[in-house]
Amino acid sequence: MILHVVRRSARAAAALVGVVAVVFVLLHLSGDPTYILLPLEASEEQRATFRQQYGLDRPLIVQFGDYIWQVFAHQDFGRSYVSNVDVLEQIRQNLPATISLTIGGVVVWLFFGLSAGILSAVRHRSLFDRLAIGLSLIAISAPVYWLGLVALYLFAPDFGVFDGLGFLEGQGAYVPFSNDPVKWFQALVLPWFVLATAFAAVYARLLRGSLLDVLGEDYIRTARAKGLAERSVILKHGVRSAITPVVTVLGLDIGILLGGAILTESVFNIPGVGRLAYDAITRGDLPIVQGTVLFGAFFIIIMNLIVDVLYAFLDPRVRY
């Protein structure tokens with residue numbers, strides 16, 4: 001197991017360097033940032049000064065080597081072209097909001113998605129099963145930004161149809177947990193459910209299909225023949241084996257969301273990493289775009305590594 005983790009960590013580091021290389025080249029070949037950030041009437045001397053200030057006048061390979069060294073040796077992601085703030089510090093300030101959104105969304109979609117998937121598999125071809133599959137298809141098809149706007153129209157305070165139900169908050173209401181835990185919770189309830197809707201539907205369908213296959217295995221029939229309670233057969237023997245593909249997708253989804261849930265954060269005006277990346281893209285702020293992409297890749301790679309290790313504990317058939 002230790003040797004496997006070491007090998008996977010080495011591959012992860014190489015993949016991270018590859019992501020940095022691809023993003024760096026694509027962004028720097030997309031055009032001269034001085035024509036995005038400086039006024040059109042700016043003189044060539046002003047543009048040359050800007051390039052020199054941020055090292056853009058050097059050869060591309062030199063810029064890339066310097067960026068790789070600064071990132072991995074000194075954890076220096078550079079400074080924003082627009083606000084001249086440290087990129088890593090800006091990401092750290094926005095990361096708690098993204099973590100709050102991700103954790104709450106994961107809890108909601110796992111609870112509803114796994115519950116619906118298990119019940120659908122156990123009650124295969126029943127009315128509940130058909131209804132759950134139909135609703136999950138609708139949930140998967142609905143765009144996140146549309147769901148967010150509908151949720152605000154229905155439940156936002158002051159102008160929503162249901163006026164926030166007396167406790168929900170709307171757009172731009174996020175505050176850090178340390179400032180006001182109650183308002184933090186109220187501001188994130190709607191984003192959590194909007195973010196979780198499509199994920200819960202996907203997980204329900206995924207677990208249902210996997211569990212239906214597992215329940216037909218010989219060892220499930222053997223467990224039932226031994227007189228084990230049906231609840232124990234389903235949860236202890238069936239779900240434990242069927243949940244492996246769910247864990248794979250979960251690791252990837254958490255990594256992606258920690259890198260920034262751009263649509264949800266934008267609709268609800270949550271100051272997370274996704275909103276930071278969106279604002280940086282619209283302004284042409286390349287250092288922040290690079291930093292947020294690198295953070296997203298880091299979380300995805302780390303979560304995949306964790307999933308690999310969890311396989312051996314979830315499924316006894318997996319060996320490294």
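This briefing walks through confidence, the nonpolar core and the charged side chains of the structure above. The model is predicted, with a mean pLDDT of 86 for the protein. Two residues make good starting points: Trp 109, which shares with Phe 77 the top place for touching other members of the largest nonpolar core, and Asp 253, which is buried without a salt bridge.

**Confidence**

- Residues with a pLDDT of 70 or more make up 96% of the protein.
- Confidence peaks in helix 5 (residues 87-122), where the mean is 93, and is lowest in helix 2 (residues 34-37), with a mean of 75.
- A general reminder for your setup work: coordinates predicted with low pLDDT should not be read in detail.

**The nonpolar core**

- The largest nonpolar core holds 80 residues, and within it Phe 77 and Trp 109 touch the most other members.
- Helix 8 (residues 181-214) supplies the largest share of this core, with 13 residues.
- Beyond its neighbours within four places in sequence, Phe 77 is in contact with Tyr 67, Val 71, Val 87 and Leu 88, and also with Pro 287, Gly 291, Leu 294 and Phe 295.

**A buried acid without a partner**

- Asp 253 sits in helix 11 (residues 244-258).
- Although Asp 253 is buried, it has no salt bridge, and Arg 205, the nearest side chain of opposite charge, is 13 Å away. That distance can be set against the salt-bridge cut-off of 4 Å between nitrogen and oxygen.
- What does Asp 253 contact, leaving aside its neighbours within four places in sequence? The residues are Trp 109, Phe 199 and Tyr 203, and Trp 109 is one of the two core residues that touch the most other members.

**Salt bridges**

- In general, side chains of opposite charge can pair when their charged atoms come close. The count here is 5 salt bridges, and three of them are described below, one to a bullet.
- Asp 129 and Arg 208 form a salt bridge, with their closest N and O atoms 2.7 Å apart. Asp 129 belongs to helix 6 (residues 127-141) and Arg 208 to helix 8, so this pair ties together parts that are 79 residues apart in sequence. Both residues are buried.
- Arg 58 and Asp 66 meet through their side chains in a salt bridge at 3.7 Å, N to O. Arg 58 is partly exposed, at a relative accessible area of 33%, and Asp 66 is partly exposed too, at 31%.
- Arg 224 and Glu 230 form a salt bridge whose closest N and O atoms are 2.7 Å apart. Arg 224 is partly exposed at 35% relative accessibility, and Glu 230 is partly exposed at 40%.

Note on methods
Residues are numbered from 1 along each chain as its sequence is written. Side-chain values use heavy atoms; hydrogens and water are left out. pLDDT is the predictor's confidence in each residue, from 0 to 100. Helices (H or I, at least four residues) and strands (E, at least two) are DSSP runs, numbered from the N terminus. Buried means under 20% relative accessible area, exposed over 50%, partly exposed in between (1.4 Å probe, protein chains only). Lys and Arg count as positive and Asp and Glu as negative; His and the chain ends are not counted. Contact means heavy atoms within 4.5 Å. A nonpolar core is a set of buried Ala, Val, Leu, Ile, Met, Phe, Trp, Tyr and Cys residues joined through side-chain atoms within 4.5 Å.
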